[in-house]
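Work through the exercises below with the sequence and the coordinates open. Each task is followed by a stepwise solution.

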Amino acid sequence: MPGRAANAADDVTDPAERAATAERAEEAAEGASDHVGRAGKNAAENTGDVAERAAAGDRATNRADDATEPTERTGTAERPAETADGAADTADRVGSEAEGAADVAGQAAGARATSRAKEATVPAERVAADRAAEGASDPADRAGSQSGGAADVAGQAAGARAMSRAKEATVPAEPAATAERATSRAKDATNPVDRAAAGERATSQAKDATNPVDRAAAGERATSQAKDTTNPADRAAAGERATSQAKDATNPADRAAAAEHAAAAERAAAAERAVCARHLRRLWAIPGTVLGRSGWPPTLSQRFHWHWNYWWQAHLLDSLVDAQLRGPSQERARLINRFIKTVHRRNFGSWVNDYYDDIAWLGLALQRVRRLQLSTVDEALEAIGKRLHEGWTEDLGGGIWWRRGDSFKNTPANGPAAIFHARSGDQERARAMTQWLTDTLVDTETGLVWDGIRADTGEVVKHIFSYCQGVYLGACLEQSRWDDAARTIQAVENHMAPQGILPGSEGGDGGLFSAIAARYLALAAKNLPRPEAETAKRLVQKSAEACWNGAAQEKTGPLFSAEWARPALTPPGQAERDLSVQIGGWMLLEAAATL
């Protein structure tokens, strides 16, 4: 049937296949039009409102949005095919291929919309569907219509469903019966509030599903539920709820917030595309492998991943998981699985190294991977958990060492390890680590967290890093230590971000420090039951705004400054070339997109 053929076109992920499937869907729709014309006309006459009949076009526009999702456009960027000395040319080709994929996807969506326009049986229907087809070609227009048109969709859905059911008859004996059923349902849906209720539920459920297949299933379930609401009292109650929700959606403040959130998500997507295009390459030209090159443009040693930045790769993986939560895609899910296997290969068949902070970061990323069922990582998590437990000693009152065989215990190791243990269910060890940090390395005057303490001399190293504030905050959030978390946020605002912007660095490992703070400030903004949650949100959003506005625009996308409060150097300085700095900007924008 035409509906199933259109859905099949949406499910195809390859741009060329989407175009071909869309053409087949159009041919099938034209072939069925002779059988369904009479039914469509009868149903349309009873709907009464031309705007209701435009819902079919709106659904076509939504499917076009699915086909042009930012991370799908970068699918080719995640499969670099260059050898070590051809990286730059390949990156350019990747950008061109990604743009081409978006164009093909847009054409496929437009073809589906045009097919639906041909099915319309009266001139008014064709006009409405033609407008939907024209809108499917412009992503910016689609984004605006989605944020501003939620209330319209609710009122249009019922009549469009009646017409759609009439069109689904595929043999000569079916049109009359289908038309009769469609006419009856259209009469039942003549009350505007009833139509709004059914459309609201369908719209709400479709928005909740992030995968195109899930959205289709949600739409079918919503239609089924709408059919079951036959009692007039039930319809009235549903109508009241829908009316209330529709009013909320038309509030200017709500529309502005939705537009702001959409803009933040697109910035994060642009950062993802840029980092992946510039830095993701095969390991030693081995097919099926992928890692992040430590610099761009890369040096000869960086082309071969000679210098192994284990913990940078852990944060790159964490950022890919952030992106998957923002906008799931099968292409990225496969990339994450390949990335994890390549980390294991580059680490010479081991999941751990001698630095406890490094392995804690990889462990945190892999915990999130397991929750999303993106890869099988039980063996890795077991090895990391065992190694972190081995690092604990009673020297200096507790805590784990920075690295094996060392005499320095610090916040950068104990903070992420405490978060890892808390998320693993080992609350006793998580509490002991966090309490050790509180007693040993928190400045009671400022509320800031110091770097570490030396076992051989007892010296407290009082360096102040945004990294330390972030991981201590994260450990407190995991254990509901709300007062400690609130104190840390206030200390960051008072002593580290006088202009409301988190501090930068000069590249290297420091390129990740403030991004780590931003990750846990964003979690505090959403979960902390204290007024300081608003402070955390403000710090993340203002830092993200400065980071985005200060980025230099390269052919491959934004290139972030090592210091978010100032513009990036042009041409890029040494710090801006570091993968750590670029992951840091991406992490910050992903954190802002969650708020």
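H21 passes H22 in a left-handed crossing (the near helix is turned anticlockwise from the far one by less than a right angle; clockwise would be right-handed). Helices (H or I, at least four residues) and strands (E, at least two) are DSSP runs, numbered from the N terminus. The model is predicted: local features need pLDDT of at least 70, side-chain atom pairs count only at pLDDT 80 or more, and totals for chains, interfaces and linings use all residues. Residues are numbered from 1 along each chain as its sequence is written, and side-chain values use heavy atoms, with hydrogens and water left out.

**Exercise 1.** Describe how H21 and H22 pack.

Step 1. Take the axes, which are lines fitted to C-alpha atoms over the stretch in contact; angles run from 0 to 180 degrees between N-to-C directions. Helix H21 (427-441) and helix H22 (466-478) pack at about 130°, with axes 10 Å apart.

Step 2. Classify the angle. H21 and H22 are therefore oblique to each other (under 35 degrees is roughly parallel, over 145 roughly antiparallel, 65 to 115 roughly perpendicular, the rest oblique).

Step 3. List the contacts (heavy atoms within 4.5 Å). Thr434, Leu437 and Thr438 of H21 meet Tyr472, Ala475 and Cys476 of H22.

**Exercise 2.** Which residues of helix H16 form salt bridges with Arg368 of helix H18?

Step 1. Apply the criterion: a side-chain nitrogen of Lys or Arg within 4 Å of a carboxyl oxygen of Asp or Glu. Arg368 pairs with Asp318 at 2.6 Å, N to O. Asp318 sits in H16 and Arg368 in H18, 50 residues apart.

Step 2. Take the other partner. Arg368 also bridges to Asp322, with the closest N and O atoms 2.7 Å apart. Asp322 lies in H16, so this pair ties together parts 46 residues apart in sequence.

Step 3. Check burial (buried is under 20% relative accessible area, exposed over 50%, partly exposed in between; 1.4 Å probe, protein chains only). Asp318 and Arg368 are both buried, and Asp322 is buried too.

**Exercise 3.** Where are the cis peptide bonds before Pro297 and Pro571?

Step 1. Read omega. The bond joining Trp296 and Pro297 is cis, with omega about -10°. The bond from Thr570 to Pro571 is cis, with omega near 0°.

Step 2. Place the prolines. Pro297 is in the loop between strand S2 (291-292) and helix H15 (300-303). Pro571 is in the loop between strand S7 (557-559) and helix H26 (574-577).
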